[in-house]
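Q: Please take a close look at the salt bridges of this protein. Which residues do they join, and are those residues buried or exposed?

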Amino acid sequence: MKKITLAALAAAAAVLPAAAHAQAYVQVETGLDAVDTSVLGNDEGVLYGVSAGYEVPLGNNLFAALEAGLSDSSTKECVRIDGERDCIKSGRDISATLRFGTNLSEAAKLYALGGYTNARVKATYAGETYDAVNLDGFRLGAGYQHNFGQNLFGKIEYRYSNYEQGVERHQGVVAIGAKF
């Protein structure tokens, strides 16, 4: 029992310094959203959203972060059927990702990300929504983060998402955020 208690205390002592330097953050984001469907082809629009996360250092130069995001997009593809406009529009996108990266300097970070994403796709005919489906998928990406002082940062990020039913998404994102 003493060995288990000592091991637990040693593990806690190892984690506490990293937890003391952990930081929560929020960010607003925008960028290019390119959606490719197996049915209607592809189209591009503007994405906009917010994310929040918690970043923990993993030693001197490495870090990990858990991030949750909510975004929407203007991406829409339309065709005329019997004189009426039939459209498929990308809707909200909810994501939960893990970021792992390295500190390039005091102000610069490079990272890779991966996780879960759920996107809504809406179908309309003559301006009326007749179907909306939620698609589960995975997200992969990479990015660069630059700190502007102690609490502000900016990001440039590429994201690839692959969903059910042959839907893929490529996003180029810029974000600005605050740590607290």
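A: The answer below begins with the model and then turns to the salt bridges. This is a predicted model, in which local features need pLDDT of at least 70 and side-chain atom pairs count only at pLDDT 80 or more, while totals for chains, interfaces and linings use all residues. Residues are numbered from 1 along each chain as its sequence is written, and side-chain values use heavy atoms, with hydrogens and water left out.

The protein has one helix and nine strands (DSSP runs, H or I of at least four residues for helices and E of at least two for strands, numbered from the N terminus). A salt bridge is a side-chain nitrogen of Lys or Arg within 4 Å of a carboxyl oxygen of Asp or Glu; the count comes to nine.

One of them joins Lys-155 and Glu-67, at 3.0 Å from N to O. Lys-155 belongs to strand E8 (residues 152-163) and Glu-67 to strand E3 (residues 62-73), 88 residues apart. Lys-155 counts as buried because its relative accessibility is 3% (buried means under 20% relative accessible area, exposed over 50%, partly exposed in between, with a 1.4 Å probe and protein chains only). Glu-67 is also buried, at 6%. Both residues take part in a network of salt bridges with Glu-55, Arg-99 and Lys-109.

A further salt bridge links Arg-139 and Asp-93, at 2.9 Å from N to O. Arg-139 lies in strand E7 (residues 128-148) and Asp-93 in strand E5, so this pair ties together parts 46 residues apart in sequence. Arg-139 is buried at 2% relative accessibility, and Asp-93 is buried with a relative accessible area of 2%.
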